[in-house]
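Trainee: I'd like a close look at a single part of this protein, please. Take the start of the chain and walk me through it slowly.

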Amino acid sequence: MLFQSLQFAVFFVIVYGLYLILPFRWQNRMLLVASYIFYGAWDWRYLSLILLSTVTDFLCGIGIAASKDKVAAKRFVALSIAVNLSLLGVFKYFDFFSTNFQVLMGHFGLHFNPFLLDVALPIGISFYTFQTMSYTIDVYREKVPAVYNPLDFALYVSYFPQLVAGPIERGTRLLPQILKPRVIKLESVIQGAYLMLWGLFLKVFIADNLAKLVDPVYAASAPYDGAAVLLATYAFSIQIYADFAGYSFMAIGMARMMGI
């Protein structure tokens, strides 16, 4: 579900309408369900990965808080890092290293049939694994207290405006806003709506249109002249900025409209 799609527009109108009429605790529960719907709309099977990361670091945070010494606490930190980096390594880098190992063996005249997972990269896996892992580390460093409500912690991990494109939020910033009632001011709603529209403009009008100039040059097998390549290169840098900035502004705008 992309921010610039009609499907997401309908989704956000429904979610925001419910958000405005619900009390604080039910706001959080509704946002959690909405976040899982948002992520599962792409491929519901990958919800298992975000749930595994969430459960692991929720329990590790409690384990660290309950530990009587640093050695025991470090074991929970190590478990958190191991689980999250394993998820990231398997689903993001396994096929890459397996294929390159085949190429390396070929240089030595050895034939190697690599085992490939051949699955689509789970969207946002880098963001939520590092976000949950950073929470565990912050609990260990006593920068943030452990969260004992699993639903609130799950919302911290899966909060949909920043789930698939970041930024990677720290528990010290986002968790207090999730755990306490939020105040929605008219000024914040206006600012948030402006940021959403500005981000949509950057993404749809600037980035997507520049892609029509960049893609033919970068995808072509035949060589282009230097001027065309130079133009495409400059256009690509603007495209990348507008793409990421557009998503970021939309995420910031949505959150600000919710008092976050």
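Mentor: What follows is a tour of one helix, its two sides and its surroundings.

Bear in mind that this is a predicted model, so local features need pLDDT of at least 70 and side-chain atom pairs count only at pLDDT 80 or more, while totals for chains, interfaces and linings use all residues. Numbering runs from 1 along each chain as its sequence is written, and side-chain values use heavy atoms, with hydrogens and water left out.

The protein has 9 helices and 0 strands (DSSP runs numbered from the N terminus: H or I of at least four residues for a helix, E of at least two for a strand). Our part is α1, residues 6–21: its 16 residues reach 23 Å from first C-alpha to last, close to the 22 Å expected at 1.5 Å a residue (the expected span being 1.5 Å times one less than the number of residues).

Now look at what α1 hides. Phe-8, Phe-11, Phe-12, Val-15, Tyr-16 and Tyr-19 are its buried residues (buried is under 20% relative accessible area, exposed over 50%, partly exposed in between, with a 1.4 Å probe and protein chains only). Down the helix axis, these buried residues fall within an arc of 120 degrees, so they line one face; the arc is taken from the directions from the axis to the C-beta atoms. That fits the geometry: an α-helix has 3.6 residues a turn, so residues three or four places apart point the same way. The buried residues of α1 pack against α2 (24–40), α8 and α9 (226–257), where contact means heavy atoms within 4.5 Å.

Flip to the face turned away, and you find the exposed residues Leu-6, Val-13 and Ile-21. Leu-6 and Ile-21 also belong to a nonpolar surface patch with Val-10, Ile-14, Leu-18, Leu-20 and Ile-184, about 670 Å² of accessible area together. Patch members have over 30% relative accessible area and no salt bridge (a Lys or Arg side-chain nitrogen within 4 Å of an Asp or Glu carboxyl oxygen); nonpolar side chains (Val, Leu, Ile, Met, Phe, Trp, Tyr) are joined within 5 Å, like charges within 9 Å. Areas come from the Shrake-Rupley method with a 1.4 Å probe, and for residues only the protein chains shown count as cover.

Ile-184 sits in the loop between α7 (171–179) and α8 (186–219), and is partly exposed at 30% relative accessible area.
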